[in-house]
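This report goes through selected local features of the chain shown below, taking one helix first and then the surface and the backbone.

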Amino acid sequence: MRIVSAQELEDWLASGRVLEKDARGPKVVALENGLFLKVFQHRRHPLLARLQPAAKRFAENAHRLQLLEISAPVVQELLWIDKKKGISACLYQPLPGTSVEEIYVQNPDNIATLLPALAKFIRTLHERGIYFRSLHLGNIIQLTQERFGLIDILDLQFKGRKINRWLVQRNLRHLQSYLNRRKLTEFPLRKLIELYRRTP
């Protein structure tokens, strides 16, 4: 993993566009060259963060998703922003699409046409043993009318077999909680779940 100099980071932040940030600073930055810089802040002890860099786990998850034929960001490089503190980052090629949340917010009336394919996608994740704890509309990207991909994939788990009913319910409850937090309570979640259950 390459250590990013203070000047290089400053140049990226000056010329790039911050897409996501929190109190600790930028989390996702769109760079001029088309790549995204994703910074992984953490609450772990710095030693643990150095031994198990979040950026490396993100890259491994992306690669495993691609092996399972699930679209995910293509990681170009792993970086240390501050190795002493265990703050890692990566440069990746973003997925060419729009989040389901953005599609819904822009035109809620059209979301119904998306639901069957979205339900099938979520069912495919579960059938392939992928448990995405923080699955929500903001990290599912529509690539084409029938295809979707995932972003923000740090907390993915690969179970090796179809996930059980309890984890399915937990995933759907998280989706409901997310909709409530985002005040998207009109989203037809009940219809999505019905389609999910009817998907062969």
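## The two sides of helix H7

In this predicted model, helix H7 spans residues 189–198, and its buried residues are Leu 189, Leu 192, Ile 193, Leu 195 and Tyr 196. These residues lie on the same side of H7, because the arc that they cover around the axis is only 160 degrees. On the other side of H7, the exposed residues are Arg 190, Arg 197 and Arg 198.

## A positive surface patch

Arg 50, together with Lys 83, Lys 84 and Lys 85, forms a positive surface patch. Of these residues, Lys 85 is placed in the loop that runs between strand E5 (74–82) and strand E6 (87–93). The relative accessible area of Lys 85 is 49%, so this residue counts as partly exposed, given that exposed residues have over 50%.

## Positive phi values in two loops

Glu 69, which is found in the loop between helix H3 (54–67) and E5, has a phi near 65 degrees, a positive value in a residue other than glycine. With a relative accessible area of 67%, Glu 69 is exposed.

Lys 183, in the loop between H6 and H7, also belongs under this heading, since its phi is near 55 degrees, a positive value in a residue other than glycine. Lys 183 counts as exposed, at 72% relative accessibility.

## Arg 173 in helix H6

Helix H6 comprises residues 165–181 and includes Arg 173, which is partly exposed with a relative accessible area of 46%. Arg 173 and Phe 36 are 137 residues apart along the chain, and a distance of 30 Å separates their C-alpha atoms.

Technical notes:
Residues numbered from 1 in each chain as written. Predicted model: local features only at pLDDT ≥ 70, side-chain atom pairs only at ≥ 80, totals over all residues. Heavy atoms only, no water. Patch = residues over 30% accessible without salt bridge, like charges linked within 9 Å, V, L, I, M, F, W, Y side chains within 5 Å. Areas by Shrake-Rupley, 256 points an atom, 1.4 Å probe, with all protein chains shown as cover. Salt bridge = Lys/Arg side-chain N within 4 Å of Asp/Glu carboxyl O. Lys, Arg positive; Asp, Glu negative; His and termini not counted. Charge placed at Lys NZ, Arg CZ, Asp CG, Glu CD. Helix = DSSP H or I, 4+ residues; strand = E, 2+ residues; numbered from the N terminus. Buried < 20%, exposed > 50% of the residue type's maximum accessible area, 1.4 Å probe, protein only. Arc of directions from axis to C-beta.
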